Amino acid sequence: MDPVRNPYAPGAGQRPPELAGRGRELDVFDIVLERIARGRPERSLMLTGLRGVGKTVLLNTLRSQAINRLWGSGKIEARPDQSLRRPVAAALHMAVRELAPRHRAPDRIDAFLGVLKAFAQRSTPTGRTGAATKLRDRWQPGIDVPAASGRADSGDIEIDLVELFSDAAAVASDVGTGIAIFIDEMQDLGPEDVSALCAACHELSQLGAPLIVVGAGLPHLPAVLSAAKSYSERLFRYQRIDRLDRIAADRALCAPAEREEVEYEQKALDLLYEKSGGYPYFVQAYGKATWDNAPRSPITAADVRVAAPEAEAELAVGFFGSRFERATPAEREYMRAMATLSAVEGEPGAVVRDDMDAAVPTAEIARALGRKPASLSPARDALIKKGLIYSGERGTVAFTVPHFGRYLRTQPA
């Protein structure tokens, strides 16, 4: 098989050649955009799921849908210990610049940019680390108009974001369209920023304003939002992004291959689904390795077996190993205990569980390590902050990366 013609794309956030199994999510967002265009009330959208299920790819695709409808759009990636002010200001600046050529009153655009500049330059009283955060001294938003006064510049992020979003939505209304802000890794926002974002979305929904937030994050994102504002459970439309079913996984492999006049034998597809578990990133990784190792079409199960070690070696270094290396010895010990306790039936020494790498009670981890639960809290909290595990339910933890427990069980202690 010609490696130059290999259609598969196992990259972080890289769109696969066939976006299979996500038709429902795309259709839902089309309806959201159309309802808002008609002045109907609609909620902002939150995508949740493990790493490797294609949340970033889907987020980018939804943004393309908004752009195709002539919406203003901007995208940011949340980071721990970073204030929301700078990235959200940059995203809204981009969105309004897209709308400006269609606006009949340049003065209205300039007025909003003045508010945006004031918001961006206003220092939060205290930063996440307790030190003063002086954005004015280290960042200028590249806006030529003077900063406005008395609007979105109080220093209280919740008040300021509500005012800023309301003004941005008014600009979008002027041109008969909307604005969509896309936020990846949303679980990494700080508590104050999450609270402010919920308050702003709540205000917009009550006004029926044409601005929505589309967030993507790990499975515990709903809990993060709920901890900030109790009404967040009703404020957002939540969509869980999961592994592909068998039909969608086969399509993700076969459709690109057919365009290159290559076919798969049924047993090859059976084995590829078994290896990948239907997780989109793994589907692409095994598909790419299989293509490169297959001598000819049709691709056989034997080709998959030959290629699997290559795919697994690449995943072990780039997908699993890079994350494991970020952990301290104490954190690695914690994860190894999790891996042992979350094993699935059928693996050597496995405990019976309903699904792969299931959530594990923290009390069981403490017993397995012969420690008191309180003494393990620093390791657990650090792993959550690093995005390696999450707590979906009180008293339990699970891996954010599919198959991570299986990977750890194959590594020497």
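**Strand β4, a buried acid and some salt bridges**

Along strand β4, Leu 211, Val 213, Gly 215 and Gly 217 point one way, while Ile 212, Val 214 and Ala 216 point the other way, and all of them are buried. The model discussed here is a predicted one. Within it, strand β4 spans residues 211-217 and is mostly covered, with 7 of its 7 residues buried.

Now for the neighbours of this strand. Strand β1, made up of residues 44-48, runs parallel to β4 and is joined to it by 4 bridges. In this pairing, Leu 45 has Val 214 of β4 as its bridge partner; Val 214 belongs to the set that shares its direction with Ile 212 and Ala 216. Strand β3, residues 179-184, also pairs with β4 in the parallel sense, this time over 5 bridges. Here Ile 179 stands opposite Leu 211 in β4. Leu 211 points the other way from Val 214. There is also a helix to fit into the picture: β3, helix α7 (residues 191-207) and β4 together make a right-handed β-α-β unit.

Next comes a charged residue in a helix. Asp 167 lies in helix α6, which covers residues 157-174. Is this residue buried or exposed? Asp 167 counts as buried because its relative accessibility is 19%, and the cut-off for buried is under 20%. Leaving aside residues up to four places away in sequence, Asp 167 touches Phe 112, Val 115 and Arg 151.

That leads on to charged pairs. Side chains of opposite charge can pair when their charged atoms come close. In this model the count comes to 23 salt bridges. One of them is formed by the side chains of Arg 251 and Glu 18, at 3.1 Å from N to O. This pair links distant parts of the chain, with Arg 251 in helix α10 (residues 246-259), Glu 18 in the segment before α1 (23-37), and the two positions 233 residues apart. How covered are the two partners? Arg 251 is partly exposed, since its relative accessible area is 47%, whereas Glu 18 is buried, with a value of 14%.

Helix α6 comes up again in another salt bridge, where the side chains of Lys 229 and Glu 158 meet at 3.3 Å, N to O. Again the pair links distant parts of the chain: Lys 229 sits in the loop between α8 (221-228) and α9 (232-235), Glu 158 is in helix α6, and the two are 71 residues apart. In this pair Lys 229 counts as buried because its relative accessibility is 17%, while Glu 158, with a relative accessible area of 25%, is partly exposed.

Helix α10 holds a salt bridge of its own. Arg 246 pairs with Asp 250, and their closest N and O atoms are 2.9 Å apart. Where do these two sit relative to each other in helix α10? They are 4 residues apart in the helix, so about one helical turn separates them. Arg 246 counts as partly exposed because its relative accessibility is 27%, and Asp 250 counts as buried because its own is 14%. Elsewhere, salt bridges with shared partners join Asp 30, Glu 34, Arg 38 and Arg 69 into one network.

Note on methods
Residues are numbered from 1 along each chain as its sequence is written. This is a predicted model: local features need pLDDT of at least 70, side-chain atom pairs count only at pLDDT 80 or more; totals for chains, interfaces and linings use all residues. Side-chain values use heavy atoms; hydrogens and water are left out. Buried means under 20% relative accessible area, exposed over 50%, partly exposed in between (1.4 Å probe, protein chains only). Two strands pair if DSSP finds at least two bridges between them. A crossover is right-handed if, with the strands pointing away from the viewer, the path from the first strand over the helix to the second runs clockwise. Contact means heavy atoms within 4.5 Å. A salt bridge is a side-chain nitrogen of Lys or Arg within 4 Å of a carboxyl oxygen of Asp or Glu.
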